[in-house]
Amino acid sequence: MTVVLIRLLVATLAAISLTACTIFPDQPAHRIFQLPAPAVQEPVADSVDRTLRVSTPLAVAPIDSTRILVKPDANEIRAYEGSRWSNRAPVIVGNHLLESFRQDGRVATVVTGTSAVQSDFTLTGDLAGFQAEYQDGKPVIHLELNLQLIDERSRESVASKQFRTSHPATGEDIESVVAAFGKASNELARQVIDWTVTQF
């Protein structure tokens with residue numbers, strides 16, 4: 001009789017447990033953020049008759065991920081909980097740079113790294129920084145991109161340069177941080193475009 005009661009009790013508790021699991025909703029899905037669209041100033045110069053290939057920059061972990069990174073201090077890297085980029089950081093930075101070149105218009109033709117179109121030059125490199133860092137208790141976005149401009153005819157490096165920019169967020173909430181990533185990316189794109197067109 002005791003064994004029967006124990007079995008009945010176990011079965012009842014199991015049924016209650018399963019019912020309880022269905023009462024509460026699943027964990028909320030991660031919030032997915034896109035990098036804000038490029039917003040570069042229109043140039044006054046005419047376009048240069050060149051075809052530029054903009055390759056997706058290389059990166060290593062933890063930058064090469066969809067996590068929105070933050071450094072609360074100099075030696076610690078974390079990620080904003082429950083939030084993600086819509087793609088890996090190198091991809092969204094490369095796409096932002098590509099669209100910025102197209103919006104700027106000083107290079108006549110700009111193509112992706114995977115395009116079959118023959119290009120005159122290729123812009124390639126690595127993404128070394130793409131994170132928020134706390135300064136005086138507030139998040140500041142830091143971007144670092146190392147680039148090389150390759151002449152496709154000779155396959156030689158025409159020039160190389162390290163680009164750095166930072167932009168403070170207006171608040172600590174994730175929306176303000178993402179907006180600041182967009183501002184910093186625009187500033188970085190302007191530096192890269194200004195430099196690139198002087199190399200042709």
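This is a dialogue about how to read a predicted model of a protein.

Reader: Where should I begin, and how many helices and strands does the protein have?

Author: It is useful to begin with the inventory of elements, and here the protein has three helices and eight strands. Read from the N terminus on, the elements follow the order α-β-β-β-β-α-β-β-β-β-α. Of the 200 residues of the protein, 39% count as buried. Among the contacts with a separation of 6 or more, 70% are made by residues 24 or more positions apart.

Reader: How do I read the pairing of strands, and in which sense do strand 3 and strand 4 pair?

Author: One looks for the bridges between two strands and then for the sense in which the strands run. Strand 3, residues 67-73, pairs with strand 4 in the antiparallel sense over four bridges, and a hairpin of two residues joins the one strand to the other. To find a place to look, take Val 70, whose bridge partner in strand 4 is Arg 78.

Reader: What is the sense of the pairing between strand 1 and strand 4?

Author: Strand 1, which covers residues 31-33, pairs with strand 4, residues 76-85, in the parallel sense, and three bridges join them. In this pairing Phe 33 has Trp 85 of strand 4 as its bridge partner.

Reader: Which strands pair with strand 6?

Author: Strand 2 is one of them, running parallel to strand 6 and joined to it by three bridges, and within that pairing Leu 52 has Phe 121 as its bridge partner in strand 6. Strand 3 also pairs with strand 6 in the parallel sense, over two bridges, with Val 70 standing opposite Ala 132. Val 70 is thus a residue to look at twice, since its bridge partner in strand 4 is Arg 78 and Ala 132 in strand 6 stands opposite it as well. Finally, strand 6 and strand 7 pair in the antiparallel sense over 14 bridges, and one of the pairs is Glu 133 with Val 140 of strand 7.

Reader: How do I read the surroundings of a single residue, and is Val 140 buried or exposed?

Author: One asks in which element the residue lies, how accessible it is, and what it touches. Val 140 lies in strand 7 and counts as buried, because its relative accessibility of 10% falls under the cut-off of 20%. When neighbours within four places in sequence are left aside, Val 140 is in contact with Gln 131, Ala 132, Glu 133, Gln 135, Ser 166, His 167 and Pro 168. Glu 133 in this list is also the residue whose bridge partner is Val 140. As for distance, Val 140 and Glu 172 are 32 residues apart in sequence, and their C-alpha atoms are 9.7 Å apart in space.

Reader: What should I look for in the backbone of the loops, and which residues have a positive phi although they are not glycines?

Author: In a loop one can check the backbone angles residue by residue. Asp 136 has a positive phi of about 55 degrees although it is not a glycine, and this residue sits in the turn of the hairpin that strand 6 and strand 7 form with two residues between them. Asp 136 is exposed, with a relative accessible area of 82%. Arg 155 likewise has a positive phi, of about 60 degrees, without being a glycine; it lies in the loop between strand 7 and strand 8, residues 156-168, and counts as exposed at 55% relative accessibility.

Reader: Which two residues does a cis peptide bond join?

Author: Here the angle to read is omega, which is about 5 degrees for the cis peptide bond that joins Ala 61 and Pro 62. Pro 62 has its place in the loop between strand 2, residues 48-54, and strand 3.

Reader: How do I read the packing of two helices, and at what angle do helix 2 and helix 3 pack?

Author: One reads the angle, the distance between the axes, and then the residues that meet. Helix 2, residues 89-104, and helix 3, residues 174-197, pack at an angle of about 60 degrees with their axes 10 Å apart, which makes helix 2 oblique to helix 3. Their crossing is right-handed. On the side of helix 2 the residues are His 96, Leu 97, Ser 100, Phe 101 and Asp 104, and among those they meet in helix 3 are Gly 182, Ala 189, Arg 190 and Ile 193. By class, this contact has five nonpolar, six polar and two charged residues.

Methods
Residues are numbered from 1 along each chain as its sequence is written. This is a predicted model: local features need pLDDT of at least 70, side-chain atom pairs count only at pLDDT 80 or more; totals for chains, interfaces and linings use all residues. Side-chain values use heavy atoms; hydrogens and water are left out. Two strands pair if DSSP finds at least two bridges between them. Axes are lines fitted to C-alpha atoms, for helices over the stretch in contact, and angles run from 0 to 180 degrees between N-to-C directions. Angles under 35 degrees count as roughly parallel, over 145 as roughly antiparallel, 65 to 115 as roughly perpendicular and the rest as oblique. A crossing is left-handed if the near helix is turned anticlockwise from the far one by less than a right angle, and right-handed if clockwise. Contact means heavy atoms within 4.5 Å. Ala, Val, Leu, Ile, Met, Phe, Trp, Tyr, Cys and Pro count as nonpolar, Asp, Glu, Lys and Arg as charged, and the others, Gly among them, as polar. Buried means under 20% relative accessible area, exposed over 50%, partly exposed in between (1.4 Å probe, protein chains only).
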